[in-house]
Amino acid sequence: MEPTPELLQKYPSLKKFAELGDDYVEWKDGREVKLLQFIYNHPNLDQMRGNPLKVCEAIDDFAAQHDFLINIGSDKGGKVCKLIAEEKPEVFVELGGYIGYSAILFAETMCRASAGAEARLFSLEFDPLFASIAMNLIDLAGLGDVVKVVTGAAAASLARLKVDGTLDCIDMLFLDHVEDLYAEDLKVCEDLGLLKSGSCIVADNVLRPGAPKYREYVRAHTGLTTRAIKGLIVPGDFEDEIDVSKMK
């Protein structure tokens, strides 16, 4: 979708999209390292130390002003945080940690919602560079004791965590990696016995870029109830949806 002049004024980072058109890439072009440099050269760096929301604000600012980032963003992220506050998961697993934004945002909400219970978030990321950036920013946010970053393919990482006894069950599963793998990796969690009655599965980007096979799978699944939540891709304010499924 071509950004309007109003969007370009609101989100200067989208100018690159307008200029490059079909040649524009959204990630893996060095912007993730530039983000880390931006954070550590930031005049408010000391205010970010131990403050998850300040770190997320700085990431949002970079994405809006400098380079678009493929993390969940403030709008959809806020909607997932509301779910976390309602469901109060103690064990949260995300597939596709990217640079740590969602892990920081969700872990902060979990800690506030847990009412004294120990919150644990496992952030699974395939790319070792992104995983390293995420570890750095999670530590900066003061959440190193809550978030565990696991590097490698999601299916293999899930199996390893189950076998070694690190992960017995998942209260909330967040899918935000490769849309074509959503259904496959949800089945992995089912086969490993990681999901129980009441477990919540949240899938991002099911409308844009889209996850049709996943949406068909969860809606035909007799053990799940599924609903869609509308949200916006930020920066850009492009319409998207999040699917929320619950184990019966």
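**Exercise 1. Helix 3 against helix 5**

Explain why helix 3 and helix 5 are classed as oblique to each other, working in this predicted model.

*Solution.*
Step 1. Locate the pair: helix 3 covers residues 31-40, and helix 5 covers residues 52-65.
Step 2. Take the geometry. The two axes come within 10 Å and cross at roughly 125°.
Step 3. Apply the classes. Angles over 145 degrees count as roughly antiparallel, 65 to 115 as roughly perpendicular, and under 35 as roughly parallel; the rest are oblique. Helix 3 and helix 5 are therefore oblique.
Step 4. Add the hand. The crossing of helix 3 past helix 5 is right-handed.
Step 5. List the residues. Helix 3 supplies Arg 31, Lys 34, Leu 35, Phe 38 and Ile 39. Helix 5 answers with Ala 58, Ile 59, Asp 61 and Phe 62.
Step 6. Sort them. This contact of helix 3 with helix 5 has six nonpolar residues, three charged and no polar.

**Exercise 2. Helix 6 against helix 7**

Determine how helix 6 and helix 7 are oriented to each other, and name the residues that make their contact.

*Solution.*
Step 1. Helix 6 spans residues 73-87 and helix 7 spans residues 101-113.
Step 2. Their axes cross at roughly 30° and come within 9 Å.
Step 3. Angles under 35 degrees count as roughly parallel. Helix 6 and helix 7 are therefore roughly parallel to each other.
Step 4. Helix 6 makes a right-handed crossing as it passes helix 7.
Step 5. From helix 6 come Gly 73, Ser 74, Gly 77, Val 80, Cys 81, Ile 84 and Ala 85. From helix 7 come Tyr 101, Leu 105, Phe 106, Thr 109, Met 110 and Ala 113.
Step 6. The contact of helix 6 with helix 7 holds nine nonpolar and four polar residues, with no charged ones.

**Exercise 3. Cysteines**

Count the disulfides, and account for Cys 56 and Cys 169.

*Solution.*
Step 1. Set the test: two cysteine sulfur atoms within 2.5 Å.
Step 2. Try Cys 56. Its closest cysteine sulfur belongs to Cys 81 and is 8.1 Å away, too far for a bond.
Step 3. Check the burial of Cys 56. The residue is buried, at 3% relative accessible area.
Step 4. Try Cys 169. The nearest cysteine sulfur is that of Cys 189, at 12 Å, and Cys 169 is in no disulfide.
Step 5. Check the exposure of Cys 169. With a relative accessible area of 25%, Cys 169 is partly exposed.
Step 6. The count of disulfides is zero.

**Exercise 4. Lys 76 and Val 163**

Decide for each residue: is Lys 76 buried or exposed, and is Val 163 buried or exposed?

*Solution.*
Step 1. Place them. Lys 76 sits in helix 6. Val 163 belongs to helix 9, residues 154-163.
Step 2. Use the cut-offs: under 20% relative accessible area is buried, over 50% exposed.
Step 3. Lys 76 has 1% and is buried. Val 163 has 74% and is exposed.
Step 4. Find what Lys 76 touches. Beyond its neighbours within four places in sequence, Lys 76 contacts Asp 204, Asn 205, Gly 231, Leu 232, Ile 233, Asp 240 and Ile 242.
Step 5. Read two C-alpha separations. Lys 76 and Gly 50 are 26 residues apart along the chain and 23 Å apart in space. Val 163 and Leu 192 are 29 residues apart along the chain, with 9.2 Å between them.

**Exercise 5. Backbone details**

Locate the cis peptide bonds before Pro 209 and Pro 235, then place Tyr 98 and Asn 205.

*Solution.*
Step 1. The bond from Arg 208 to Pro 209 is cis, with omega near 5°. Pro 209 lies in helix 11, residues 206-210.
Step 2. The bond from Val 234 to Pro 235 is also cis, again with omega near 5°. Pro 235 is in the loop between strand 6 (224-233) and strand 7 (238-247).
Step 3. Tyr 98, a residue other than glycine, has a positive phi near 50°. Tyr 98 is in the loop between strand 1 (91-95) and helix 7. Tyr 98 is buried, at 6% relative accessible area.
Step 4. Asn 205 has a positive phi near 60°. Its place is the loop between strand 5 (195-203) and helix 11. Asn 205 is buried, at 12%, and is one of the residues in contact with Lys 76.

Terms used. Residues numbered from 1 in each chain as written. Predicted model: local features only at pLDDT ≥ 70, side-chain atom pairs only at ≥ 80, totals over all residues. Heavy atoms only, no water. Axes fitted to C-alpha atoms, helices over the stretch in contact; angles between N-to-C directions. Helix = DSSP H or I, 4+ residues; strand = E, 2+ residues; numbered from the N terminus. Left-handed = near helix turned anticlockwise from the far one by under 90°. Contact = heavy atoms within 4.5 Å. Nonpolar A, V, L, I, M, F, W, Y, C, P; charged D, E, K, R; others polar. Buried < 20%, exposed > 50% of the residue type's maximum accessible area, 1.4 Å probe, protein only.
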